[in-house]
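Q: Could you walk me through one pocket of this model, and show me what surrounds it? I'd like a close look at just that part, in plain words.

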There are 2 protein chains.
Amino acid sequence: MTDDDQELGITESKSHNTGEWYAEVVRKAGLADYGPEGMSGFIVTRPRAYAVWERLQSFLDAKFKSTGVQNAYFPLFIPESYLEREKEIVEGFDPEVAWVSEAGTKELEERLAVRPTSESIITPYISGWVRSHRDLPLRVNQWCSVVRWEATETKPFFRTKEFLWQEGHTAHATHEDAWEETLTRLDQYESVYEDLLALPVLRGQKPDHDKFPGAHTTTTVEALMPDGKSVQGATSHHLGQSFAEAFDITYADEDEEERLAHTTSWGLSWRALGALIMTHSDEQGLVLPPTVAPEQVVIVPIWQEETKDEVLSYAEDIAEELSDAGVRVELDDRDERNPGFKFNDHELHGVPLRIEIGPHEVADGELTLVHRPDGESVVADREGIVGTVEEHLETIYAKLYAAAEETLDGAVREADDRASILGTLGQHGGYVTAPWCGEEACEEPIKEAMAAEIVMVPFEDDDPLVDEGHDETCAICEEPATRTAYFAKTY
Amino acid sequence: MTDDDQELGITESKSHNTGEWYAEVVRKAGLADYGPEGMSGFIVTRPRAYAVWERLQSFLDAKFKSTGVQNAYFPLFIPESYLEREKEIVEGFDPEVAWVSEAGTKELEERLAVRPTSESIITPYISGWVRSHRDLPLRVNQWCSVVRWEATETKPFFRTKEFLWQEGHTAHATHEDAWEETLTRLDQYESVYEDLLALPVLRGQKPDHDKFPGAHTTTTVEALMPDGKSVQGATSHHLGQSFAEAFDITYADEDEEERLAHTTSWGLSWRALGALIMTHSDEQGLVLPPTVAPEQVVIVPIWQEETKDEVLSYAEDIAEELSDAGVRVELDDRDERNPGFKFNDHELHGVPLRIEIGPHEVADGELTLVHRPDGESVVADREGIVGTVEEHLETIYAKLYAAAEETLDGAVREADDRASILGTLGQHGGYVTAPWCGEEACEEPIKEAMAAEIVMVPFEDDDPLVDEGHDETCAICEEPATRTAYFAKTY
């Protein structure tokens, strides 16, 4: 084994040391490096990961634009007095804020916060832009980075002091319009996970005590990680009228009456990349669905000196045909590497489909297709290769989704008392559902015993306890239950 | 005249008060707002301007990607010690830096700079990624914002404390490879101006005393503004080996010898939007070339109560046909506004082509096309409308380019002594070319007399003084001239 081969291997176990295994995949697959000394909690996002983020951006941005959202860009800094103004309604992000107090060799008169999120600077501008009901709905979104100085340990993409995200901010005439907006964005986030990242998610709302500060309702999509923890995949907040009131967003209705608007905000961060990497990857390295993989197909020609020309020319034709059809294909014709090395290399880097071509394949007008997730290998005809490859890419997506779905389905368990909630979470992780009275106090005994909480409550229409009017008691306090709670460990 | 009509009018004169006129266009066309109180020098980029930036991004990003560039994302902050390390070679940006010294309620051990540009954080990572000649060339780019705490007055897009840009950073095996890279990027910047923004530019290099700190050569594209000043449109730097030496970028060549790399960096900022807005717009408001306009065509139906249905249905059909063909078209069917208001409104907002449709047009199977830049009006057949509109959009682009080119061509004047350089600049603005010895001292007398400097020196191949071996003396000191200098006033 050469140095290079060692470099290609993942040494940690996904099931036993999920955290260390994840960090190793991130580093060895060239996704991210840690920040400079003195900047723990920051990462450098390398081209391979950034390319996945760009595909996610373009998928989600197209959905936004087709549903009335316009992009804009607001300043990186927020004056301290603006954040203070927000405190009329909420506690805010103060303890996590990075402050600029010197600039251009001078002390600033007022400290500037590096944005932890932009409600407090965007909402006042929206207030200036909205005058009449004809200006509503008003929707702006920005793709940017935000900074939150969290004390907890860094995990690339999952928890970093600076992260890339989008934040959308909207104003509406009525409570119902704002609610519809909130759900439209939640649907789009669900689609990012399910239709692009091959990750099934649960959808619902946060318990009242865990809403975005000042929000009327916080909705969420939750994804299950392989270590049994739940990740908040994205949130969409119905902010009610509290921000409109604090920042004075009023409009003249059709009768020229002045009314207070209703607002929403919603965001998805690069944590989605973390969930993607952690769910599908394995002990050979990164696994990516073809939808977001920088290269969907790699062709590895296998030759001896005397067969090199014919093999390479056959491989080049196939690469060109696939590329012309819009498939992202790479031909790995490196002379200095043997096929075995190349197989490992592309497995590590998560190329979904490998095509192997040797002299036998050339002679028979065939080629061998190998699926990244499970090594399934199929011999196919050279003819009709574009259609064949497209079918296999779809199959690979479906395999990844099905595996994640099976895991998720098996990870939702019922419990109806405190002991069984704790016992089930301790033994299996995943989600434990239990009837709940709605009081934060009844989450406490679970939270105290282990790092678990109520991550979600299904919407009323999806909650049999509400929808079918079941008569149950809270698993903790035995008062009447109002909703089904999903308990889980979290990052 | 109602309030609304006043709101639509531009009151300042482009030729007499260019600065005030520009500020008014930016505000009234909904391009940008000023930052919050306490944050002078910052702007809020509104959707209309951001949409133009997105088109520019997508045009330039595609060029980058087709020439080997990969996007990445590096941290927003740079430790002070990293900036210090850069000082081994250069003075750097220190006086313009915004510093974070408190975060998460604690004083930081080391101050963090909000990036003014990212050489000092990107280069050390490139150093870690480059080992062998096979890793070269290595090219990364990021789209982000940077902060420079400039003391001078703000001008939206031209001069702001935070601005959006892209910064590319590359490493190469040889000096020649790095030079080729530098020129490839300069060509792409030139293409942004000439093929996308309808702005002819001059290309060349900065005088040695005005290079990027530490660079071997700084190349530039310069655009002429209507007030006769020159704007640096984008720069591409051949950094030589100084950054590679300071940050230790070495590689093993084919004989396993360790060699020092050669690096480049290159950037284009939203100043390009400023140049675009200022050049083409007029006293009716914004003018945009169809290439970047959010709406390329607006259809204004003109009806009376009894003709409304037929006019509207005819207009809707045309809108649908254009939209299906990929034209960005808006049908302005607002009931509460009259056609005159709509004309002014869309002129203010820079929609390149207006289609007017009244009952006569419907009866005759025709429509009227009006060009934004000059009001030229043409009656055309309804049949073949897609092709007709596409031709007119091309004509509009060509008109804008030709007007800017004529201005530029007429604004380059020759001079051969100090008095005539100053006299010509004072009277006409624009560019004054003069033979120059290459010494900074000979720029001083011009700089002292007015805010003018040598903005550019043509490349050797483009400089008749070099190329044809003319024997001339410096316009200032009368020593032998080595190059032709372009003097101009600047922002």
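**From the axis to the pocket**

A: Val100(A) is the residue of chain A that comes closest to the rotation axis, with its C-alpha at 2.3 Å. This is a predicted model, where local features need pLDDT of at least 70, side-chain atom pairs need 80 or more, and totals for chains, interfaces and linings use all residues. Residues are numbered from 1 along each chain as its sequence is written, chains are lettered from A and ligands numbered from 1 in the order written, and side-chain values use heavy atoms, without hydrogens or water.

What's that axis about? A turn of 180° and a shift of 0.0 Å along the axis lay chain A on chain B with an RMSD of 0.0 Å (a least-squares fit on C-alpha atoms of residues with pLDDT of at least 70 in both). That is the relation of a two-fold axis.

Now for the second largest pocket, which holds about 2100 Å³ of space (on a 1 Å grid, an open set of points where a 1.4 Å probe fits, with protein on both sides within 12 Å along at least five of seven lines). Its lining is 47 residues, and nearest its centre are Arg46(A), Asp345(A), His349(A), Trp129(B) and Asp135(B) (lining means an atom within 4 Å of a point). By type, the lining has 17 nonpolar, 8 polar and 22 charged residues.

Elements giving at least two lining residues each include H1, H2, E1, H3 and H10 of chain A, plus E3, H5 and E7 of chain B (DSSP runs: helices of at least four residues, strands of at least two). H3(A) gives the largest share, 6 residues.

Zoom in on H10(A), residues 339-348. This helix is mostly covered, with 7 of its 10 residues buried (under 20% relative accessible area, 1.4 Å probe). Asp345(A), one of the residues nearest the pocket's centre, is among those buried ones, as are Phe341(A) and Phe343(A). Just after H10(A), Gly350(A) takes a positive phi of about 80°.

Over in chain B, E7(B) is mostly covered too: 9 of its 10 residues are buried. E3(B) pairs with E7(B) in the parallel sense over 2 bridges (pairing takes at least two DSSP bridges), and Asn71(B) has Asn141(B) as its bridge partner. E7(B) also runs antiparallel to E8(B), residues 162-172, joined by 10 bridges; here Val147(B) is partnered with Glu162(B).

Technical notes: Grid points are joined across faces, edges and corners, and a volume is the space filled by probe spheres set on the points. Ala, Val, Leu, Ile, Met, Phe, Trp, Tyr, Cys and Pro count as nonpolar, Asp, Glu, Lys and Arg as charged, and the others, Gly among them, as polar. Buried means under 20% relative accessible area, exposed over 50%, partly exposed in between (1.4 Å probe, protein chains only).
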